[in-house]
Amino acid sequence: IRAQNVCDAPPDFNAVVSAVGKMYSYRLHIAPDQPDPLCRLYCHVLPFGLRERLNGSLSRLQEAANHLVGTHNFGYFANPDPSRPNRSSV
């Protein structure tokens, strides 16, 4: 987790209810070699057999990720708020 910007919040600010968005970043180790031990807490290491088949190529991962593109209902992950839509585009 890292802070990109910091500012004072109003006294009635609630981080859960007042949030206007979230950003997720995922890091994968896809090279066939062993990952740097210092990075093991900061990235997901794919199983060796899968790393070996990918051989460092992002194209196959991109092809799989393309199946996730579209509009999805994230209502189960959100706090109920009728003024905000539960559908988001990926």
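Helices (H or I, at least four residues) and strands (E, at least two) are DSSP runs, numbered from the N terminus. The model is predicted, so local features need pLDDT of at least 70, side-chain atom pairs count only at pLDDT 80 or more, and totals for chains, interfaces and linings use all residues. Residues are numbered from 1 along each chain as its sequence is written, and side-chain values use heavy atoms, leaving out hydrogens and water.

**Exercise 1.** Let's warm up: work out in which order the elements of the protein chain run.

*Solution.* Start with the tally, which is two helices and four strands. Then read from the N terminus on: β-β-α-α-β-β.

**Exercise 2.** Now locate R51 and describe its charge partners.

*Solution.* Step one: R51 sits in helix 1, residues 48-54. Step two: R51 is buried (under 20% relative accessible area, 1.4 Å probe, protein chains only). Step three: look for a salt bridge, meaning a side-chain nitrogen of Lys or Arg within 4 Å of a carboxyl oxygen of Asp or Glu. R51 has none, and D33, the nearest side chain of opposite charge, is 5.9 Å away. Step four: list contacts (heavy atoms within 4.5 Å). Leaving aside residues up to four places away in sequence, R51 touches residues including H29, D33, V45 and G56.

**Exercise 3.** Finally, place F77 and decide whether F77 is buried or exposed.

*Solution.* First, F77 lies in the loop between strand 3 (71-73) and strand 4 (87-89). Next, F77 counts as exposed because its relative accessibility is 68%, and the cut-off for exposed is over 50%.

Conventions: Lys, Arg positive; Asp, Glu negative; His and termini not counted.
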